[in-house]
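Visitor: Please take me through one part of this model up close. I would like the surface described first, then its surroundings.

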Amino acid sequence: MPELRQFFRYVVPTMLFMFLGGLYSIIDGIFIGQATGEEGLAAVFVTFPLYCLIFGLGELIGIGGCILISQSRGAGDIHAANKIFSGMIGLGTLAGVASLLVFYPLGRPLLVALGATPDLLPGAFSYISVILFGATIMVLWVCLSSAIRNDDHPALAGWLIALGVLGNIVLDYVFIMRFGWGLPGAAWATVVAELPPLIGGILFFASKKSNLTFQWRYFVPDWETASRIFRCGIPSFGAHVAIATMLLLHNWQSLRYGGEMALAAYAAICTVESLTSMIMQGVANGIQPLVSFYYGAKEFAKNRLIGRYAILFSLLLGVFGVLFSVLVCRRLPLMMGLEGETAQIAARGLLISAAAFLTLGTIKVGSTFFQSTGRVVASAILIYGDCVVLALCLILLPIYFGLDGVWLAMPVSRMILVAMMIVLAYKPRGSVAKGDFSEVCAKTGVISREISTKRSC
């Protein structure tokens with residue numbers, strides 16, 4: 001197929017179903033806010049950094065493994081792809097069990113460190129406890145959904161994601177509004193809703209439609225396979241570390257400069273940020289199988305085209321994200337149970353932070369492109385650098401702008417990260433780890449034509 005057709009074939013279903021996932025975060029917030037009020041909404045929000053780390057473990061293994069799977073398939077090595085796929089499932093199972101064993105005993109101290117006040121701690125712990133018991137289901141589903149997409153079935157992966165999202169919404173209504181289970185009900189809805197898509201993914205790979213075959217003898221991967229998966233997945237895990245850092249620092253600064261009202265307001269702001277971020281992540285996840293496959297097949301010109309399409313498309317989506325924030329800034333806080341001054345703080349915060357959406361997609365696409373073409377160091381610098389840049393913005397800007405500075409941190413830090421990405425893309429040979437930049441940029445054409453061919457090669 002022409003590259004543009006391939007681009008939309010992978011990106012559109014992934015983006016649309018990630019949009020459903022982001023939409024769920026808004027609906028979930030509405031259910032929780034209406035049933036438990038501002039305090040319940042703030043309690044759940046305090047747990048999100050820990051939730052992001054669990055999800056990040058799934059992407060560390062799932063995306064890292066799937067990049068290698070697509071590269072192996074592009075090179076025609078199906079045996080290696082099956083070996084990596086089987087080891088990825090084993091590592092995912094281990095990560096889910098380890099999350100429960102490590103985080104559950106430390107639950108209350110961790111939540112206090114994340115900003116839970118004595119009033120918020122009981123509700124926050126009741127929510128995250130259920131999530132931890134379902135961590136294995138969550139991690140395995142992240143791995144399988146990524147594998148289905150990389151197995152040349154992006155639409156199926158999207159439909160299974162949609163099944164989980166819609167099931168989550170229905171179970172939210174049943175468990176929270178009908179049964180009155182409160183915050184634990186919201187957590188049970190999240191865990192139980194992921195069982196049907198997980199089962200669907202298992203049945204797919206057990207069928208003849210899959211290009212990959214699970215092999216029990218590789219369930220416990222050798223050290224080389226495991227280390228390769230982790231190396232490729234470090235940027236994906238870093239993306240969730242960055243999100244967790246963002247949430248944690250915003251929690252602290254919101255409480256410092258606006259108290260619990262500002263924390264509840266940020267819960268509403270973050271739902272819109274989450275919706276837009278997931279759409280942008282859908283674009284990045286959509287191009288990953290194509291970029292990895294073309295890289296393995298040494299079709300570097302096609303990689304360059306896919307990257308350009310993704311950048312332009314993400315910029316367009318960023319404009320829509322800004323317009324959406326302007327449209328919902330007054331109504332959404334009220335729908336989530338926020339009132340009076342809290343609702344006003346949320347509306348103002350939405351308007352200020354909306355500018356971040358213009359560059360958010362570019363950063364996600366750039367880091368995924370680096371990661372999928374072997375530039376793991378450059379991708380990691382961009383993603384983990386986000387933690388440092390955002391932290392500095394959240395510390396410095398509120399000193400001069402108060403609570404508005406907390407909301408300004410996102411757009412300012414995104415602009416700085418775009419500048420970092422441009423520097424990484426045009427970095428001369430020898431300034432990045434060996435085998436990282438020089439080989440890929442020379443072949444993909446990321447370096448501008450003004451740089452001589454001799455210097456690139």
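Guide: What follows is a close look at a nonpolar surface patch, then at the chain that carries it. Keep in mind that this is a predicted model.

Start with the members. Phe179, Trp181, Trp188, Val192, Leu195, Ile199 and Leu203 make up a nonpolar patch on the surface. Together they present about 670 Å² of accessible area. Two elements give two or more residues each: helix H7, residues 182-193, and helix H8, residues 195-206. H8 gives the most, with three residues. A point on helix geometry helps here. An α-helix has 3.6 residues a turn, so residues three or four places apart point the same way.

Now take phenylalanine 179. This residue sits in the loop between helix H6, residues 154-178, and H7. Its relative accessibility is 47%. Buried ends at 20% and exposed begins over 50%, so phenylalanine 179 counts as partly exposed. Glycine 180 also follows H6. Its phi is positive, near 70°.

H6 itself can be checked for length. It has 25 residues. At 1.5 Å a residue, the expected span is 36 Å. The C-alpha atoms at its ends are 35 Å apart, so the model agrees with the expectation.

For contrast, look at a residue in the interior. Serine 379 belongs to helix H14, residues 376-401. Its relative accessible area is 0%, so serine 379 is buried. Leaving out residues up to four places away in sequence, serine 379 touches Pro235, Ser367, Phe370 and Gln371.

Step back to the whole chain. The secondary structure consists of 17 helices and zero strands. The radius of gyration is 21 Å, close to the 23 Å that the globule rule gives for 457 residues. The chain is therefore as compact as a globular protein of that length. Along the principal axes, the C-alpha atoms fill a box of roughly 60 × 50 × 35 Å.

Burial and contacts fill in the picture. Of the 457 residues, 58% count as buried. Among contacts with a separation of 6 or more, 81% link residues 24 or more positions apart. The accessible surface of the chain comes to about 18600 Å². Carbon and sulfur atoms account for 69% of that surface.

How values were computed: Residues numbered from 1 in each chain as written. Predicted model: local features only at pLDDT ≥ 70, side-chain atom pairs only at ≥ 80, totals over all residues. Heavy atoms only, no water. Patch = residues over 30% accessible without salt bridge, like charges linked within 9 Å, V, L, I, M, F, W, Y side chains within 5 Å. Areas by Shrake-Rupley, 256 points an atom, 1.4 Å probe, with all protein chains shown as cover. Salt bridge = Lys/Arg side-chain N within 4 Å of Asp/Glu carboxyl O. Helix = DSSP H or I, 4+ residues; strand = E, 2+ residues; numbered from the N terminus. Buried < 20%, exposed > 50% of the residue type's maximum accessible area, 1.4 Å probe, protein only. Expected span 1.5 Å × (residues − 1). Rg over C-alpha atoms; globule rule 2.2 N^0.38 Å. Contact = heavy atoms within 4.5 Å.
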